[in-house]
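Here are some notes for a colleague who is opening this structure for the first time. They are set out as numbered points, to be read with the sequence and the model side by side.

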Amino acid sequence: MRQPVALPHRHVLTSDAVPAAVSLARRTAETAYASWGINPGHPVMGPALLLLSELVTNSVRHAATVSRQLTVIYAAGSGTLAFAVHDRHPHRPEPARFADSAGGLATVAELLAELGGACTVVPDADGGGKNIWITLPLWPKGHRTARPRS
């Protein structure tokens with residue numbers, strides 16, 4: 001599984017593709033990011049957890065028949081928070097079309113635009129699955145507070 005940006009902090013969660021994976025992924029995110037110094041009250045954390053929930057939910061709903069497990073990779077670095085949801089379903093949604101989708105992917109597109117984030121879909125080498133990576137700046141678009149120095 002590839003990661004679109006190299007970030008120094010990384011944690012991996014593998015779970016059965018069942019509805020309980022959504023809350024497990026969120027709790028794990030809160031713990032991992034807090035251990036890396038990202039305050040749970042940071043303004044990006046709420047939207048990041050919603051984005052994570054949408055992607056894990058999609059994996060559980062649409063990929064579980066083919067992919068009995070899913071993997072969440074959490075990463076962070078100076079000024080950046082990222083995560084990926086991986087499953088072995090071959091369908092690769094087009095991030096450019098998320099806004100035209102109904103439901104969860106439209107929410108993903110809206111939040112990414114609002115926060116100045118990015119989405120990348122990285123196929124597995126064999127084409128049998130994918131990682132959907134979300135990368136978010138820790139300072140939302142338009143935030144006027146000085147950013148910490150690297």
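1. The structure, which is a predicted model, holds 3 salt bridges. In general terms, side chains of opposite charge can pair when their charged atoms come close.

2. One of these salt bridges joins the side chains of Lys-130 and Asp-87, with an N to O distance of 2.7 Å. The pair connects distant parts of the chain, since Lys-130 belongs to strand β5 and Asp-87 to strand β3, 43 residues apart. Lys-130 has a relative accessible area of 5% and is therefore buried, and Asp-87, at 5% relative accessibility, counts as buried as well.

3. The surroundings of Lys-130 deserve a look of their own. Its side chain reaches the backbone oxygen of His-89 at 3.0 Å, and a polar atom of that side chain lies 2.9 Å from the backbone oxygen of His-91. With neighbours within four places in sequence left aside, the contacts of Lys-130 include Val-85, His-86, Arg-92, Pro-93, Val-121, Val-122 and Pro-123.

4. Arg-88 should be examined together with two acidic partners. Asp-124 forms a salt bridge with Arg-88, in which the closest N and O atoms are 2.6 Å apart; because Asp-124 lies in the loop between β4 and β5 and Arg-88 in the loop between β3 and α3, this pair ties together parts that are 36 residues apart in sequence. Asp-126 also forms a salt bridge with Arg-88, its closest N and O atoms being 2.8 Å apart, and as Asp-126 lies in the loop between β4 and β5, the parts tied together here are 38 residues apart in sequence. Through shared partners, the salt bridges join Arg-88, Asp-124 and Asp-126 into one network.

5. How buried or exposed are the members of that network? Asp-124 is buried, with a relative accessible area of 13%, whereas Arg-88 is partly exposed at 34% and Asp-126 is exposed at 54%.

6. Turning to the nonpolar interior, the largest core has 39 residues, and those with the most contacts inside it are Tyr-33, Val-56, Tyr-74 and Phe-83. Several elements supply at least two residues each, among them α1 (20-35), β2 (69-77) and α3 (104-115), while the largest share, 8 residues, comes from α2. Apart from this core lies another, of 7 residues, including Leu-7 and Ile-73.

7. Helix α2 (residues 45-63) is mostly covered, with 15 of its 19 residues buried. At 1.5 Å a residue the helix should span 27 Å, and its end C-alpha atoms are 26 Å apart, which agrees.

Definitions and conventions:
Residues numbered from 1 in each chain as written. Predicted model: local features only at pLDDT ≥ 70, side-chain atom pairs only at ≥ 80, totals over all residues. Heavy atoms only, no water. Helix = DSSP H or I, 4+ residues; strand = E, 2+ residues; numbered from the N terminus. Expected span 1.5 Å × (residues − 1). Buried < 20%, exposed > 50% of the residue type's maximum accessible area, 1.4 Å probe, protein only. Core = buried A, V, L, I, M, F, W, Y, C linked by side-chain atoms within 4.5 Å. Polar contact = N/O pair within 3.5 Å; in protein donor to acceptor, adjacent residues only side chain to side chain. Contact = heavy atoms within 4.5 Å. Salt bridge = Lys/Arg side-chain N within 4 Å of Asp/Glu carboxyl O.
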